[in-house]
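This report goes through selected local features of one protein chain. The loops and the hairpin come before the aromatic contacts, and the internal cavities come last.

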Amino acid sequence: MTTGRHAEAGEIRLADYACRKLRALIDRHQWEDGGKLPGEIELARDIGVSRPVLRQALAMLREDGLVVSRRGSGNYVTLGQMEENSAYGPLQSLSDIEDCFRFRCVLECEASMLAARAKDGVLIARIEEAAAKILNGGRHGENSFDADFAFHMAVAAASKNCYYGMTLRALRRQIKFGHDLSRQLRNIPGHHSSKRVAREHDRILRAIQSGDPEAAREAMRVHIEAGIDRLFGR
């Protein structure tokens, strides 16, 4: 019986490990709401656990509202449900919006610095792809927020610390509210891509590409504080 209890405890620890790895994997790949995860065999191999352990980890993510299983189809990311379960409450005033921006500034400046320090070519390529979508999004009538948020999530992923991405994702609803309000007040269409914002993103990208942590931190600070100025007309 003792052996059985030890084996069961070992499986639980492995499932916890696999759950953490899956969360980090989801953050790195920047799946959109409804994005399909790879098959169980591939996921188990990538994480380094057995399929039964992987299934326990997926069950944990389903309980957290991060993953949903569709019979005969596979497992899908459900970011919208995750946002609804976020501990962050709704923004209730202009002061709340500014506080959110300033919290992001602390969070994302550090993420940018770490991304430049890590200088991971694969993860930087995803930032480049996100920056290109910001430029091209307006031409295809896509919502500018999705492209913008994907850029910031790619920077967070490039920090190689999954908690930056997890925190940003939990704040997605609040960030979108501030983004949309800023555009409404300035009468800017939701699909319009600002050249000024694109230049700010490009400066962040170039600093990360060059492996300059302080320049990356400063570029992100300038970008987010410019967002505050745009919203409040300063």
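## Loops, hairpin, rings and cavities

Lys119 is placed in the loop between α5 and α6 (121-137). The model is a predicted one. Although Lys119 is not a glycine, its phi is positive, at about 45°. With a relative accessibility of 46%, Lys119 counts as partly exposed, because the class of exposed residues begins over 50%.

A positive phi is also found at Lys160, again a residue other than glycine, where the angle is near 65°. Lys160 belongs to the loop between α7 and α8. The relative accessible area of Lys160 is 55%, so this residue is exposed.

A glycine with a positive phi occurs in the hairpin formed by β1 and β2: Gly72, in the turn, has a phi of about 75°. The hairpin has 3 residues between its two strands. Strand β1 covers residues 67-70 and strand β2 covers residues 74-77, and the two pair in the antiparallel sense over 4 bridges. Within this pairing, Val67 of the hairpin stands opposite Val77 in β2.

### Contacts far apart in sequence

Two C-alpha distances link positions that are far apart along the chain.

Gly121 is located in helix α6. Its relative accessible area is 53%, so Gly121 is exposed. The C-alpha atom of Gly121 lies 8.3 Å from that of Gln209, a residue 88 positions away along the chain.

Cys105 is part of helix α5. At 14% relative accessibility, Cys105 counts as buried, because the limit for that class is under 20%. Cys105 and Arg221 are separated by 116 residues in sequence, while their C-alpha atoms are 6.0 Å apart in space.

### Aromatic and charge contacts

The model contains 1 aromatic pair by the rule applied. The rings of Phe145 and Phe149 have centres 5.5 Å apart and planes at 20°, so this pair is stacked; planes count as stacked because they are under 30 degrees apart. Phe145 and Phe149 are 4 residues apart in helix α7, which means that about one helical turn separates them.

How buried or exposed are Phe145 and Phe149? Phe145 has a relative accessibility of 0% and counts as buried. Phe149 is buried too, with a relative accessible area of 8%.

Phe149 also takes part in a contact with a charged side chain. The charged end of Arg172 sits over the ring of Phe149, 5.3 Å from the ring centre. In a further contact of this kind, Arg70 lies over the face of Tyr76 at 3.9 Å from the centre of the ring.

### Internal cavities

Rolling a probe the size of a water molecule over the atoms shows where empty space is left. In this model the count comes to 2 cavities of 30 Å³ or more. The table gives the volume and the make-up of the lining for each.

| Cavity | Volume | Lining residues by class |
|---|---|---|
| Largest | about 40 Å³ | 5 nonpolar, 2 polar, 1 charged |
| Second largest | about 30 Å³ | 6 nonpolar, 1 polar, 1 charged |

Which residues line the largest cavity? The lining is made up of Leu91, Ile97, Cys100, Phe101, Arg104, Gln174, Ile175 and Gly178. The elements that give two or more residues to this lining are α5 (94-118) and α9 (172-185). Helix α5 gives the most, with 4 residues. Of the lining residues of the largest cavity, 5 are nonpolar, 2 are polar and 1 is charged.

The second largest cavity is lined by Leu107, Glu108, Ala111, His152, Val155, Ala156, Tyr164 and Leu168. Elements giving two or more residues to the lining of this second cavity are α5, α7 (144-158) and α8 (162-170). The lining of the second largest cavity divides into 6 nonpolar residues, 1 polar and 1 charged.

Helix α5 thus gives two or more residues to the lining of the largest cavity and to that of the second largest cavity. Helix α7, which contributes to the second lining, also carries the stacked rings of Phe145 and Phe149.

Definitions and conventions: Residues numbered from 1 in each chain as written. Predicted model: local features only at pLDDT ≥ 70, side-chain atom pairs only at ≥ 80, totals over all residues. Heavy atoms only, no water. 1 Å grid on protein atoms, 1.4 Å probe; cavity = no way out; pocket = protein on both sides within 12 Å on 5 of 7 lines; lining within 4 Å. Points joined across faces, edges and corners; volume = space filled by probe spheres on them. Nonpolar A, V, L, I, M, F, W, Y, C, P; charged D, E, K, R; others polar. Phe/Tyr/Trp six-rings, centres within 6.5 Å; stacked < 30°, edge-to-face > 60°. Buried < 20%, exposed > 50% of the residue type's maximum accessible area, 1.4 Å probe, protein only. Lys NZ or Arg CZ within 6 Å of the ring centre and 35° of its normal. Pairing = 2+ DSSP bridges.
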